[in-house]
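Trainee: Before we go through this model, I would like to ask how its labels are justified, and to have each value set against its cut-off.
Mentor: Gladly; here it is.

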Amino acid sequence: MEELNLLVDEIGKSLDVGVGKDFLNRTPDAKVVDAATYLDHVVWTPVELVGGKSLERLEKTAREGLECSELSLEKDYGRSEEKPKVNTKEINENPHLLPNISLGYEFHNFLYSHWKMLESSLILLTGQDEIPNYTCRRDSKCAAVLTGTAWAMSAHIGPLLELYKFPQVTFGSFDPMLRNSGHFPSLYQVAPKDTSLATGMVSLLLHFGWTWVGLAITEGQKGLQFLLDVRAEMDRNKVCVAFVKMISNPLMSYISYMNNYYVLSRETSPVSVIVIYCENEGLNYISYVIERHLVTWRVWVTNSQWQAEMTGKSFILDSFHGTLIFSNHQEEISGFKNFVEEANPSKYPEDTYLIMYWYNNFHCSFSESDCTLRNCAPNISLAWLPANCFDMALSDRSYNIYNAVYAVAHALHEMLLQQGQMPPTGLRGETVFSPWQLHPFLKNTQFRNPAGDQLNLDDKRKPDVEYDIINFWNFPEGLRRKVKVGAFSPRCPRGQQLSLFEDQIEWATAVSESPHSVCSESCRPGFRKTPQEGKPACCFDCTPCPENEIANDTDMETCVKCPNYQYTNTQRTHCLQKTVTFLAYEDPLGKVLAGSALSLTILTAVILGLFVKHRDTPIVKANNRGLSYTLLGSLTFCFLCSLLFIGRPNMATCVLQQTTFGVGFTVAVSTVLAKTLTVVLAFKVTAPGRRVRQLLVSGAPNSIIPICCLLQITLCGIWMGTNPPFIDTDTQSEHGHIIIVCNKGSLAAFHCVLGYLGSLALGSFTVAFLARNLPDAFNEAKFLTFSTVVFCSVWLTFLPVYHSTKGKLMVAMEVFSILASSAGLLGCIFVPKCYVILLRPERNSLPKFRDKTHSSSGKSS
């Protein structure tokens, strides 16, 4: 206020024109509740343009009996009043803007009353509030009105101003609802777009890893829009909302206001970071509700409309110390601070506001005669006051007022230039025009203000505002220092929009480092997040990754499965390369099996040599000496074929494994069958010339071997021709190893080969079992029976064990079955004969054979 009077006096003196002051709205309800609420209903109106002269009228609300705590809340109001004074002085002194024309203004107060708003609007338009559509303003008429952006005020005065196509320029924060609704075509917003506020705040949350955040938002159109924007942005970036508290304006709803005291309830206690979005109405009530709880460990993130209580609530501590504020970036206005510092009541004795402010803050007294100040300290200045009483910093609103006045001045300048410097048409030489003529120039106004910022009033061409991130320092309480610690620019590429100086940030009281605000602690590598039922996505449990899956980062939603050629480490954080392995000769198991195969091969060869050496003895000649040689040879082949299963597999060994195994065992088992039939036929011969004798003499049993082998070779040929064995890898059997094995190809063919061998062995067992009671002198029937029992037992056991094992054990099981079944045939059939040949040679003679035969016949008779 004091700067307004200073400017008016200076202009009046320089132009030798008197200044009139009218005071309206002097009713008792004109007292302001708080400065922020009051400010949104303040109207500055640039008025008449006079060639070479200036006329300014101030209309304001009388203020009486305000205490320091109340006045301290009005610091922004005082700074906002100073803006048109500074503007008009700069504009009127600028020879390139409105030359030879002085710009003036009126000051109106719009209270929180529908009727008062309409009344003030009528006074603004007509000069009286009794007869609508009639004007008493003959000396001065306004060119445009500068207002705040409260939706309620625009809804009430906007339609009235629209009847006259009266330009309305708002100086509050940008509100897209005012233009998108289509109800206010004559309204212009000077503030830049702040549609990136939600993006900027969420970027800050992500920078510090704050994923569990509360929201406290003032009710209103802009508050609801911000809630939608910030929740959408948080959802996109996986930041969860712990709670949402809508703060009502106490002047609009007393019941809602009483509920504001529950902003900090039980559900909000575990949340360390809270985002506060303030509109103009009732923004200080959030501060009051939070201050009364004295919460000193939370971090508040808020927009520039927020302001803390100006009077301290405790001796040292403050709930809002460390608050991070997103403030519109603005350049410094030169000369503004000097202008404020020089203001005092002695210089502007007619300024009631300045007098009361001096009285309450500098311990002055009033004289009883003329109510002037006395006993004031000399040379005192507003700059001496602490920040909790008067803040010298320039607010966003004040900067917008500064730009709004310049916008109207530039529009007027362009309009007058287009009119070709028309001569004055008023009674006193004023330049007369209708307010609606200013619209096309306001829409297209683009200019750079003295601070260097580019401005325009076209909402579609407005750039998104750049934000300064301000850190509020208030420890100890009363410091009230605001420090720029970063910036957010929506024009930069993603990832480069946010810049911070973390070392300069002062956190909340009792917090020494960046706070932690999460619903659940991060899942370390090796664990994945499991959502908690009925809770937001940020609330989860950490579950270890399954086998052969990893999580190599924190907070992974799912575990990643390692490729087949890799395996997980113990912590399940990395995939390691598997070692290629197989049943090698170097392995202990491979050495045992290979040694066993070679030992049994040598043993078989020794027995074969022994039989050849004693080929003319009765025990060798009995049961067909040639079949014994064939059986020993096939067993040697079977022992050696087991070596094909040991060592690194290749395509040749995979094919030879199954074919040699199948054909070799077919020869052995069919030989056993032939020997069994030979025994039976030998004891069935009772008379010469019988058909059975002819079969025995002709060697018919020996033909069984090639017939059976031919059938087995046919089966193997079909197997190899349709789905032969191939090289395969087993990545699951052994942890950290890739086992190279031979895949059978067709399991059905493999089982057919085993089934065919089993049928031959079963036939041999049946025939041998029937011949078990024949005379036992050199009779192999019992030994053949035992050998087939051992053979069948081994392979019947092999099938379930083979299918239940994997990797090298499966191969080892197959080798063991080959060796065990072959050793069973060798041991049961030939070991007793070797015993007689080597240890009981007396029994290997024909007389003994005859004696034993007769004794056996006698027993049987």
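Trainee: Why is K808 called buried or exposed, whichever applies at 16% relative accessibility?
Mentor: In this predicted model, K808 has a relative accessibility of 16%, and since buried means under 20%, K808 counts as buried.

Trainee: What makes the contact of K808 with D587 a salt bridge?
Mentor: The side chains of K808 and D587 meet at 3.3 Å, N to O, and because the criterion asks for a Lys or Arg side-chain nitrogen within 4 Å of an Asp or Glu carboxyl oxygen, the pair qualifies as a salt bridge.

Trainee: How do you know which parts of the chain K808 and D587 tie together?
Mentor: K808 belongs to helix α24, residues 808–839, while D587 sits in the loop between β28 (579–581) and α16 (588–613), so the salt bridge joins parts that are 221 residues apart in sequence.

Trainee: What makes K484 and D468 a salt bridge, and where do the two residues lie?
Mentor: Their side chains meet at 3.2 Å, N to O, which is to be read against the limit of 4 Å, so the pair is counted as a salt bridge. K484 is in strand β20 and D468 in strand β19, 16 residues apart, and the pair thus links distant parts of the chain.

Trainee: Why do K484 and D468 carry the accessibility labels they have?
Mentor: D468, at 10% relative accessibility, counts as buried, because the label is given under 20%. K484, at 41%, counts as partly exposed, because that label covers values between the buried limit of 20% and the exposed limit of 50%.

Trainee: How do you know that R491 and E466 form a salt bridge, and what does the pair tie together?
Mentor: The side chains of R491 and E466 meet at 3.5 Å, N to O, and the cut-off is within 4 Å, so the salt bridge label applies. R491 lies in the loop between β20 (481–488) and β21 (498–500), and E466 in the loop between β18 (454–456) and β19 (467–473), so parts that are 25 residues apart in sequence are tied together.

Trainee: Why is R491 labelled as it is at 54%, and E466 at 28%?
Mentor: R491 has 54% relative accessibility and counts as exposed, because exposed means over 50%, whereas E466, at 28%, counts as partly exposed.

Trainee: How many salt bridges does the structure hold, and which residues are linked in a network?
Mentor: The structure holds 10 salt bridges, and K238, K529 and E557 are linked in a network of them.

Notes. Residues are numbered from 1 along each chain as its sequence is written. This is a predicted model: local features need pLDDT of at least 70, side-chain atom pairs count only at pLDDT 80 or more; totals for chains, interfaces and linings use all residues. Side-chain values use heavy atoms; hydrogens and water are left out. Helices (H or I, at least four residues) and strands (E, at least two) are DSSP runs, numbered from the N terminus. Buried means under 20% relative accessible area, exposed over 50%, partly exposed in between (1.4 Å probe, protein chains only).
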